[in-house]
Amino acid sequence: EPSVQAAFESATKRSAGLLMYRRCGGDGIEVLLGRMGGPLWRSKARAWTILKGEPDDGEAPFACAYREFREESGIDPPSDAECYQPLGFIKQSGGKIVAAWCFEGDVDPSTLRSNTFEFKGKHYPEIDEYRWFPSSEALGGIMCAQAQEQLIERAVVRAQVAARFGPAPARGSGAGSGSGS
């Protein structure tokens with residue numbers, strides 16, 4: 001399997017994101033997802049997504065993921081590169097390559113605020129609602145792109161391993177480039 005960086009760079013459609021998770025009782029894991037905003041998603045049940053977006057020219061995948069999380073949540077993710085675990089990448093049905101990392105955290109979803117986009121002369125939040133989902137519910141057909149469920153599955157495994165044995169080293173994740181290019 002090619003590295004995240006190589007797959008990311010070779011794709012014409014790409015995005016990168018961060019998935020926050022929290023532990024809840026025993027092996028239970030909840031993931032923070034955002035409901036995509038704007039009129040195109042308003043009536044769709046499958047409108048939930050990890051916080052992600054497209055890279056700026058020359059931007060590294062992790063730097064993009066970090067920036068997009070901050071823009072779409074209104075909060076700064078942790079600055080310590082050691083807290084991120086690589087989830088690799090997935091290919092969505094439309095061909096977009098998504099690179100992702102997960103980290104453990106906790107936040108009140110009602111305090112989060114997204115940046116906005118313009119559509120037909122009106123401004124809409126990119127994410128109009130945030131919610132913690134039990135991982136089983138997040139894997140139950142609520143995602144805008146079914147392939148993103150693979151990222152959640154990987155995050156759950158990493159969270160369970162970290163709970164038992166401590167976090168795995170962030171080898172090859174590119175997480176150290178969070179504030180750089």
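Select strand β5, residues 85–91, in this predicted model. The strand is mostly covered, with six of its seven residues buried.

Next, add strand β6, residues 97–104. β5 and β6 run antiparallel to one another and are paired over six bridges. To see the register, pick isoleucine 90: the residue opposite is valine 98 in β6. Then move to the turn of this hairpin, where five residues lie between the strands. Glycine 95 is the one to display here, with a positive phi near 100°.

Now select helix α4, residues 148–165, and within that helix leucine 151. Is leucine 151 buried or exposed? Its relative accessibility is 0%, so leucine 151 counts as buried.

Which residues does leucine 151 touch, leaving aside those up to four places away in sequence? Show Leu19, Ile50, Leu87, Gly88, Ile90, Val98 and Ala100. Ile90 and Val98 in this list are the residues seen facing each other across β5 and β6. For isoleucine 50, draw a C-alpha to C-alpha distance to leucine 151: the value is 9.0 Å, for two residues 101 apart along the chain.

Finally, zoom out to the whole protein chain. Four helices and nine strands make up its secondary structure, in the order α-β-β-β-β-α-β-β-β-β-β-α-α along the sequence. Of the 181 residues, 48% are buried. Taking contacts between residues at least 6 apart in sequence, 69% join residues at least 24 apart. Colour the surface by element to finish: the chain exposes about 9,100 Å², and carbon and sulfur atoms supply 48% of that area.

Notes
Residues numbered from 1 in each chain as written. Predicted model: local features only at pLDDT ≥ 70, side-chain atom pairs only at ≥ 80, totals over all residues. Heavy atoms only, no water. Helix = DSSP H or I, 4+ residues; strand = E, 2+ residues; numbered from the N terminus. Buried < 20%, exposed > 50% of the residue type's maximum accessible area, 1.4 Å probe, protein only. Contact = heavy atoms within 4.5 Å. Areas by Shrake-Rupley, 256 points an atom, 1.4 Å probe, with all protein chains shown as cover. Pairing = 2+ DSSP bridges.
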